[in-house]
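I opened this model to look up a few points and kept the notes short. The overall chain comes first, then one helix pair, then two single residues.

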Amino acid sequence: MLDTLFPPHCLACGADVMQAGLLCATCVSQLHLITSPYCHRCALPFPSRAAGGATLTCTACAENPPPWREGRAAMVYDDLPRQLILPLKYADRTENATLLARYMAAAARGLVEKDSIFIPVPLHRVRLFTRRYNQAALLACALARQTGASVLPDGLERLRATPALKGQGRTRRQAIMQGVIGVRGHRLGDIAGRHVIVVDDVMTTGATLAACASSLLRAGAARVDVLAAARACGQHEQQ
Ligand SMILES: O=P(O)(O)OC[C@H]1O[C@@H](O)[C@H](O)[C@@H]1O
């Protein structure tokens, strides 16, 4: 009945689909899912297994290892993921989180244990007030529903408002994120000794996820991994 009144549409292009919450076949074929081989620290796809060396680690991560243990991302951040993530972030298309989380859960296979906790990258309270929701928290909650692991949507907080990272290089992004993320005091007991997976929509340089991972490790998390819906790389790095 509802499908007759509101026929389901592809979440990216709007074409008719059989079931709500999905992509049409054409859009699915445009997704570049990140499958092996990729850098195990930052999820950067490698052109070949040999390119990652014996440890499957990219040069940037080998030279400057990130604070987290493993990094995964579901897809390359190119045109199609942009059509899902930007509306999720800026146009109230919150239903896109469920679909993206499905791809993220697949990318995180083998990483999520039943006692793992998903914690989203936090928004500053002013940004949260204007946007009314945190897109990373929606992804983390959908991941928890889909995997059976737990979620702490308010585990981390952004201690001060930061300028947009779009268009900024790695060094500037790291400087902007310095000391910006903290663990909420009332969540310290939930985090100490636990395996945490930090969740975000996009990983570009990893500066944001690194700030989160460092705070969680300082707060006593036993292990921190990171999981993004999309990994910006190459010509798609500016977002
Ligand atoms: O910190 P890096 O990985 O450079 O940039 C990714 C961040 O920049 C934001 O737009 C994204 O939502 C994400 O939080």
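Entry 1, the whole chain. I began with the radius of gyration: a compact globule of 239 residues would come near 18 Å, and the chain has 17 Å, so the two agree. I note here that the model is predicted. Along the principal axes, I found that the C-alpha atoms fill a box of roughly 55 × 45 × 35 Å. I then looked up burial, and 49% of the 239 residues in the chain are buried.

Entry 2, secondary structure and contacts. I listed 10 helices and 7 strands for the chain. I also checked how far along the sequence the contacts reach. Taking contacts between residues at least 6 apart in sequence, 73% of them join residues at least 24 apart.

Entry 3, a helix pair. I picked α4, which covers residues 79–90, and α5, which covers residues 96–107. At what angle do α4 and α5 pack? I read about 135 degrees, with the two axes 10 Å apart. An angle between 115 and 145 degrees is neither roughly perpendicular nor roughly antiparallel, and α4 and α5 are therefore oblique to each other. The crossing of α4 past α5 is left-handed.

I wrote down the residues that make this contact. On the α4 side they are Q83, L84, I85, P87 and L88. On the α5 side they are N96, A97, L99 and L100. Sorted by class, the contact of α4 with α5 has 7 nonpolar residues and 2 polar ones, and no charged residues.

Entry 4, K89. I stayed on helix α4, where K89 is placed. Is K89 buried or exposed? I found a relative accessible area of 16%; the limit for buried is under 20%, so K89 is buried. Which residues does K89 touch, leaving aside those up to four places away in sequence? I noted R131, Y133, Q135 and D201.

Entry 5, R172. I moved on to helix α8, residues 170–177, which holds R172. The relative accessibility of R172 is 43%, and partly exposed runs between 20% and 50%, so R172 counts as partly exposed. I also looked up a distance from R172 to A207, which is 35 residues away along the chain. Their C-alpha atoms are separated by 9.3 Å.

Entry 6, recap of the two residues. I have K89 of α4 down as buried, and R172 of α8 down as partly exposed.

Conventions: Residues are numbered from 1 along each chain as its sequence is written. This is a predicted model: local features need pLDDT of at least 70, side-chain atom pairs count only at pLDDT 80 or more; totals for chains, interfaces and linings use all residues. Side-chain values use heavy atoms; hydrogens and water are left out. Axes are lines fitted to C-alpha atoms, for helices over the stretch in contact, and angles run from 0 to 180 degrees between N-to-C directions. Helices (H or I, at least four residues) and strands (E, at least two) are DSSP runs, numbered from the N terminus. Angles under 35 degrees count as roughly parallel, over 145 as roughly antiparallel, 65 to 115 as roughly perpendicular and the rest as oblique. A crossing is left-handed if the near helix is turned anticlockwise from the far one by less than a right angle, and right-handed if clockwise. Contact means heavy atoms within 4.5 Å. Ala, Val, Leu, Ile, Met, Phe, Trp, Tyr, Cys and Pro count as nonpolar, Asp, Glu, Lys and Arg as charged, and the others, Gly among them, as polar. The radius of gyration is taken over C-alpha atoms; the globule rule is 2.2 Å times the number of residues to the power 0.38. Buried means under 20% relative accessible area, exposed over 50%, partly exposed in between (1.4 Å probe, protein chains only).
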